[in-house]
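Here is a protein chain to get to know, one region at a time. Have a look at the picture first, then read on.

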Amino acid sequence: NHHSTMHNSKWRNVIDYFQSEKIHLCLVMLGIALQPISTATGNIGFGIALGFTLFRIPLLIPSWRTLADQTWFRFLTVWLAWSFLSLLWSSDWGFGLMQFKATRVLLWIPILWPLRHRWWPLISSILIGTTLTQFMQASQIYFHWPLTKFGTGAGLTTATQTSLWDATAVGFWLMLAVLASWKMAFATLPAAILAASGLVWAGTRGAALALIVELIGSIIIIALIKKQWIKRVVICALVGISILTGVYFLPHSQLSTKISNNSDASSITLADGYVVNANVRVAMWKMALEGWTHYPIFGVGIGGISNTIAKNIDAKDSQIVVDNRPFDLSTVTMIHNTYIQILTESGIVGMGLFVAFITTFFACALLSVQKDPVYIMTLGASMLWFVAASFDGFFNSGGFLSVGAIVLTLSIRSEVNSDLRQVHNTDARLL
């Protein structure tokens with residue numbers, strides 16, 4: 001009996017260890033670090049984080065109850081339920097269901113929620129993953145390896161997704177410069193330059209514009225909440241814009257090439273071999289909004305844009321010319337604007353729910369910044385994500401949604417061990 005008790009006690013200790021928060025944090029950090037690298041590694045990382053989270057369900061329920069009490073999360077949940085319900089009146093529910101499956105990565109929210117008090121390790125895992133990605137981009141530019149179908153400088157995934165992570169990293173490094181001492185601030189500049197270089201190598205205009213909006217928005221927020229930081233934040237923003245301007249003229253800059261050629265921000269290559277440019281994108285938006293006027297309240301249903309709107313457009317209006325080549329709008333399945341897509345697919349009801357989610361989220365995130373200004377890092381990244389969503393269909397891709405789910409969750413301050421994250425201890429944490 002004694003030996004049996006000892007044996008059971010050892011197994012209990014082993015189980016307790018593997019259910020510990022320390023193991024959970026390490027695996028979630030690994031999962032986050034894998035997100036920027038490629039779609040495959042992102043899926044693996046998400047699976048690891050989700051699997052271990054499910055293993056700890058009994059221990060996480062109390063934390064998830066506080067998540068369920070969040071107004072922004074309730075609006076997000078109701079909006080998701082409404083989007084799923086819209087499959088009932090979608091003209092292509094099969095495609096809509098496939099599109100809705102991308103929202104599974106929003107499970108990052110409950111995965112990360114119980115670990116928010118480990119904020120700095122989670123932020124560091126984002127920076128590790130993005131830095132690895134930027135080294136891969138540099139290798140593609142200067143050594144032509146590894147070659148992928150996404151183009152030189154885009155890394156191992158789409159240029160849009162890589163640029164989004166690069167822009168997030170630029171904002172993080174610059175905000176770290178604000179939070180740290182001047183000596184540490186200079187230490188972050190090489191990492192910020194590398195991240196900015198990755199952004200121009202991938203060449204997404206939408207992400208670059210969103211980054212500028214983030215920097216300006218961060219200045220305004222800090223000016224209203226922490227006036228003694230205004231000088232540092234302004235200097236940080238000017239340094240960031242200077243870095244972007246400098247790397248813009250780097251050799252192999254896809255961003256400068258696309259701007260000079262009026263190319264599309266996300267380099268979407270069509271089946272017939274050319275790239276969707278800005279004129280096509282605007283035409284898609286006009287087509288979707290015109291179609292929405294016929295289904296204003298409930299929309300056409302998720303996945304219904306192609307069959308209900310695009311294929312029913314007048315033949316004379318469906319043909320446009322891009323770079324002296326014809327493009328048929330009736331073949332469109334995604335309109336490359338998250339907000340117009342939500343309005344068109346789920347109507348005024350769905351758009352109202354989504355706007356309510358955005359409004360309540362930012363209200364909560366601003367309170368977090370007010371209590372601890374360090375959260376300007378993730379609030380800024382959230383602003384970047386919402387702005388960049390204006391230039392692509394983020395709810396059609398798990399890769400785009402993962403970025404948003406992670407930075408949004410980390411924008412909400414945890415009340416647990418908050419004394420560990422006082423600003424005057426920032427240098428020690430960075431080291």
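## A leucine out in the open

Leucine 88 counts as exposed, at 70% relative accessibility; the cut-offs are over 50% relative accessible area for exposed, under 20% for buried and partly exposed in between, using a 1.4 Å probe and protein chains only. You'll find leucine 88 in the loop between helix 5 and helix 6 (93–100). Helices here are DSSP runs of H or I with at least four residues, strands are runs of E with at least two, and both are numbered from the N terminus.

Leu88 belongs to a nonpolar surface patch, together with Leu85, Trp89, Ile297, Phe298, Ile348 and Val349. Together they have about 640 Å² of accessible area. A patch takes residues with over 30% relative accessible area and no salt bridge, joining like charges within 9 Å and nonpolar side chains (Val, Leu, Ile, Met, Phe, Trp, Tyr) within 5 Å. The areas come from the Shrake-Rupley method with a 1.4 Å probe, and for residues only the protein chains shown count as cover.

## What kind of model this is

This is a predicted model, where local features need pLDDT of at least 70 and side-chain atom pairs count only at pLDDT 80 or more, while totals for chains, interfaces and linings use all residues. Residues are numbered from 1 along each chain as its sequence is written, and side-chain values use heavy atoms, leaving out hydrogens and water.

## The whole chain

The chain has 20 helices and 2 strands. Of its 431 residues, 55% count as buried. The accessible surface comes to about 18900 Å², and 68% of that belongs to carbon and sulfur atoms.

How do contacts spread along the sequence? Take those between residues at least 6 apart: 76% of them join residues at least 24 apart. A contact means heavy atoms within 4.5 Å.

## Helix 4 and its two faces

Which residues of helix 4 (residues 57–68) are buried? They are Leu60, Ser63 and Leu67. These sit on the same side of helix 4 because they cover an arc of only 70° around the axis, the arc being taken from the directions from the helix axis to the C-beta atoms.

Turn to the face pointing away from that buried side and you meet the exposed residues Pro58 and Arg65. The cover over the buried residues of helix 4 includes helix 2 (21–34), helix 3 (39–55), helix 5 (71–85) and helix 7 (108–112).

## Two salt bridges

The structure holds 2 salt bridges, each a side-chain nitrogen of Lys or Arg within 4 Å of a carboxyl oxygen of Asp or Glu. In one, the side chains of glutamate 21 and arginine 118 meet at 2.9 Å, N to O. This pair ties together distant parts of the chain, 97 residues apart: glutamate 21 is in helix 2, and arginine 118 is in the loop between helix 7 and helix 8 (119–143). Glutamate 21 is partly exposed at 23% relative accessibility, and arginine 118 is partly exposed too, at 35%.

Arginine 74 and aspartate 69 also pair up through their side chains, at 3.5 Å, N to O. Arginine 74 is partly exposed, with a relative accessible area of 45%.

## Helix 11 and two tucked-away serines

Helix 11 has 21 residues, which should span 30 Å at 1.5 Å a residue, and its end C-alpha atoms are indeed 30 Å apart. The expected span is 1.5 Å times one less than the number of residues. Among the buried residues of helix 11 are Gly206, Ala207, Glu214 and Ser218.

Where is serine 218? It is found in helix 11 (residues 205–225). Serine 218 is buried at 1% relative accessible area. Leaving aside residues up to four places away in sequence, serine 218 touches Met175, Val233, Ile376, Gly380 and Met383.

Serine 163, in helix 9 (residues 159–179), is buried as well, at 0%. With the same neighbours in sequence left out, up to four places away, serine 163 touches Leu199, Ala202, Gly203, Thr204 and Ala207.

## Two histidines with positive phi

Histidine 144 has a phi near 55°, a positive value in a residue other than glycine. Histidine 144 lies in the loop between helix 8 and helix 9 and is exposed at 52%.

Histidine 336 has a positive phi too, near 60°. Is histidine 336 buried or exposed? Histidine 336 is buried, with a relative accessible area of 4%, and its place is in the loop between strand 2 (325–328) and helix 17 (338–371).
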